[in-house]
Amino acid sequence: MSRIGRMPIVIPKGVQVTINGAQVTVKGPKGELVHSVIPRITVAVKEGHVIVARADDERPTRALHGLTRALLNNMVVGVTQGYQKSLEIVGVGYRVQPSGKHLALNVGFTHPVEVTPLPGITLAAEGTNRIIISGVDKQLVGQMAATIRGMRPPDPYKGKGIRYVGERIRLKAGKTAAGKAKA
């Protein structure tokens, strides 16, 4: 048995889990999420817990057992607490400005880059160099953060660009340091 897959998911107060065939719907104070479960995995609600079980011991089914449980747990956490990622902008003249629900990024291009949030995602600017991405779906929050970071990833030589808060960038030595080592 999968160690993660066999652990029950505790349903907190204010959260409602409904199962309709292969569709699992989780409603909570922050929103609602839906997930489709493959036919070889069964999901049941018993005594305030969500139980995930599998029909057989084939390799693909074993792999999806723990994954399904983890996804359902992320849904429960998302509708109760929500998820959040923070990005910081490093560089001279690099900044972020809120414009309604969108963000305008000045990150070294000739024009400001307009960032439109995905449905269910909230973008906020904290100061001029920090972006806060929040939402109920963990996957969408991570996707939005990766998309924004991909607009100007950190430069390996100077370290400027958009990075996750707490991300450590290993800087490379420039050409002058490499030339002195040969001589």
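Strand β7, residues 83-90, pairs with strand β12, residues 130-135, in the antiparallel sense, and six bridges join the two. I should state at once that this is a predicted model. Within that pairing, Y83 has G135 of β12 as its bridge partner. Strand β7 also runs antiparallel to strand β13, residues 161-164, and here the bridges number four. In this second pairing, I89 of β7 stands opposite I162 of β13.

I turn next to helix α2, which covers residues 138-151. Its 14 residues, at 1.5 Å a residue, should span 20 Å, and the C-alpha atoms at its ends lie 21 Å apart, so expectation and model agree. Which residues of α2 are buried? They are V141, M144, A145 and I148. Viewed down the helix axis, these buried residues fall within an arc of 100°, and therefore they line one face of α2.

Q139 is also placed in helix α2. Is Q139 buried or exposed? Its relative accessible area is 64%, and because the threshold for exposed is over 50%, Q139 counts as exposed. The C-alpha atom of Q139 is separated by 9.6 Å from that of L71, although the two residues are 68 apart along the chain.

Both Q139 and L71 appear in the lining of the largest pocket. That pocket holds about 210 Å³ of space. The other lining residues are L33, V34, H35, N74, M75, V136, D137 and K138. Which elements give two or more residues to this lining? They are β4, residues 31-36, α1, residues 59-80, and α2. Sorted by class, the lining comprises five nonpolar, three polar and two charged residues. As background to such a description, rolling a probe the size of a water molecule over the atoms shows where empty space is left.

My last point concerns the backbone. Most residues other than glycine have a negative phi. What is the phi of E47? The value is near 50°, which is positive in a residue other than glycine. E47 is found in the loop between β5, residues 41-46, and β6, residues 49-54. The relative accessibility of E47 is 80%, so this residue counts as exposed.

To close, I return to three items for discussion. Strand β7 pairs with β12 and with β13. Helix α2 has its buried residues along one face, and α2 is one of the elements that give two or more residues to the lining of the largest pocket. E47, in the loop between β5 and β6, has a positive phi.

Terms used. Residues are numbered from 1 along each chain as its sequence is written. This is a predicted model: local features need pLDDT of at least 70, side-chain atom pairs count only at pLDDT 80 or more; totals for chains, interfaces and linings use all residues. Side-chain values use heavy atoms; hydrogens and water are left out. On a 1 Å grid over the protein atoms alone, a cavity is a set of points where a 1.4 Å probe fits but cannot get out, and a pocket is an open set with protein on both sides within 12 Å along at least five of seven lines; lining residues have an atom within 4 Å of a point. Grid points are joined across faces, edges and corners, and a volume is the space filled by probe spheres set on the points. Ala, Val, Leu, Ile, Met, Phe, Trp, Tyr, Cys and Pro count as nonpolar, Asp, Glu, Lys and Arg as charged, and the others, Gly among them, as polar. Two strands pair if DSSP finds at least two bridges between them. The expected span of a helix is 1.5 Å times one less than its number of residues. Buried means under 20% relative accessible area, exposed over 50%, partly exposed in between (1.4 Å probe, protein chains only). The arc is that of the directions from the helix axis to the C-beta atoms.
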